[in-house]
Amino acid sequence: GQELSAQGIVTRDQADLLRRIADYRNRMAHFYHEVNKEELYLLCTRNLQDLETLLDELLDWLRSNPDKTDQEIP
């Protein structure tokens with residue numbers, strides 16, 4: 001996330017969101033027994049807009065920079 005921010009691909013806030021996503025992914029992978037259904041439900045329902053916005057920003061950047069990718073982005 002920080003490198004994407006340094007390259008101007010995402011904002012600093014978006015880089016922080018990517019870091020938090022990675023942290024949670026690591027928690028789910030290594031401490032899955034600590035993750036409960038309620039927590040996961042709240043994450044998915046309260047933070048979905050953040051993820052959709054981040055995805056849109058990344059796709060916009062990819063579409064605007066076709067020379068930096070090895071395939072076409074629909």
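What follows is a quick tour of the overall fold, the surface and one buried glutamine. The model is a predicted one.

The protein is an all-helix affair in its secondary structure, with 4 helices and 0 strands. Read from the N terminus, the elements simply go α-α-α-α. The radius of gyration comes out at 15 Å, while the globule rule gives 11 Å for 74 residues, so the protein is more spread out than a compact globule. Along the principal axes, the C-alpha atoms take up a box of roughly 45 × 25 × 20 Å.

As for packing, buried residues account for 14% of the 74 residues. Among contacts with a separation of 6 or more, 31% link residues that sit 24 or more positions apart.

Turning to the surface, the protein exposes about 6,100 Å², and 54% of that area is supplied by carbon and sulfur atoms. The charge count stands at 9 positive and 15 negative, and the mean positions of the two sets lie 5 Å apart.

Gln-14 gives a closer look at one spot in the fold. This residue belongs to helix H2, which covers residues 12–30. Its relative accessibility is 12%, so Gln-14 counts as buried, the cut-off for that label being under 20%. Setting aside the neighbours within four places in sequence, Gln-14 makes contact with Leu-54 and Glu-57.

Conventions. Residues numbered from 1 in each chain as written. Predicted model: local features only at pLDDT ≥ 70, side-chain atom pairs only at ≥ 80, totals over all residues. Heavy atoms only, no water. Helix = DSSP H or I, 4+ residues; strand = E, 2+ residues; numbered from the N terminus. Rg over C-alpha atoms; globule rule 2.2 N^0.38 Å. Buried < 20%, exposed > 50% of the residue type's maximum accessible area, 1.4 Å probe, protein only. Contact = heavy atoms within 4.5 Å. Areas by Shrake-Rupley, 256 points an atom, 1.4 Å probe, with all protein chains shown as cover. Lys, Arg positive; Asp, Glu negative; His and termini not counted. Charge placed at Lys NZ, Arg CZ, Asp CG, Glu CD.
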